[in-house]
Amino acid sequence: MTTKEQQFLIEVDRIVQDRRKRYGHPTKNLHATADAWSAYLSGKMKTPIKITATDLCNMMMMLKIMRDANGPLRDNDTDVCGYALCKVALEVEDIPYAPED
């Protein structure tokens with residue numbers, strides 16, 4: 001791995017750690033956002049649609065990749081890595097989620 005690649009990963013780690021301190025573990029927010037998107041799309045399409053927190057991470061990575069296709073920015077690359085880490089956190093860290101009533 002080159003120094004430039006290492007610096008990039010250090011930058012991604014710094015951003016992810018900052019977000020964790022600021023917002024906590026991503027599970028609750030990702031599930032809540034996926035539920036909100038599911039409700040919105042179900043109403044819009046008039047058929048039940050279920051988006052999972054993993055789907056949300058994948059779609060956010062696609063959003064960043066498409067933005068980058070229209071104008072490359074380092075922020076897009078760091079965000080793709082950040083959402084990939086969120087996806088892994090969902091798989092690895094078994095933190096239960098229950099929607100708030």
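## Overall architecture

Read from one end of the sequence to the other, the chain follows the pattern α-α-α-α. This is a predicted model. The chain contains four helices and zero strands. Its C-alpha trace spans about 50 × 35 × 20 Å along the principal axes.

The chain has 101 residues, of which 26% count as buried. Among the contacts in the chain with a separation of 6 or more, 56% are accounted for by residues 24 or more positions apart.

## Helix 2: length and faces

Helix 2 covers residues 27–45. At 1.5 Å a residue, its 19 residues should span 27 Å, and the end C-alpha atoms are 26 Å apart, which agrees with that expectation.

The buried residues in helix 2 are T27, L30, A34, S38 and S42. Viewed down the helix axis, these buried residues fall within an arc of 100°, so they line one face of helix 2. Buried here means under 20% relative accessible area, whereas exposed means over 50%. The face of helix 2 turned away from the buried side carries the exposed residues N29, A39, Y40 and K44.

## Surroundings of helix 2

What covers the buried residues of helix 2 includes helix 3 and helix 4. In the sequence, helix 3 corresponds to residues 53–70 and helix 4 to residues 74–92.

Helix 2 is followed by K46. The phi angle of K46 is positive, near 60°.

## The largest pocket

The largest pocket has a volume of about 680 Å³. Its lining comprises 25 residues, and R19, P26, G82, Y83 and C86 lie nearest the pocket centre. The elements that give two or more residues to this lining are helix 1 (3–23), helix 2 (27–45), helix 3 (53–70) and helix 4 (74–92). Helix 4 gives the most, with eight residues.

Sorted by class, the lining of the largest pocket has 13 nonpolar, seven polar and five charged residues. Of the residues that lie nearest the centre of the pocket, R19 belongs to the charged class, G82 counts as polar, and P26, Y83 and C86 count as nonpolar.

## Summary of the model

In this predicted model, helix 2 has buried residues that line one face, because they fall within an arc of 100° about the helix axis. Helix 3 and helix 4 are among the elements that cover those buried residues. Helix 3 and helix 4 also appear among the elements that give two or more residues to the lining of the largest pocket, as do helix 1 and helix 2.

Note on methods
Residues numbered from 1 in each chain as written. Predicted model: local features only at pLDDT ≥ 70, side-chain atom pairs only at ≥ 80, totals over all residues. Heavy atoms only, no water. 1 Å grid on protein atoms, 1.4 Å probe; cavity = no way out; pocket = protein on both sides within 12 Å on 5 of 7 lines; lining within 4 Å. Points joined across faces, edges and corners; volume = space filled by probe spheres on them. Expected span 1.5 Å × (residues − 1). Buried < 20%, exposed > 50% of the residue type's maximum accessible area, 1.4 Å probe, protein only. Arc of directions from axis to C-beta. Contact = heavy atoms within 4.5 Å.
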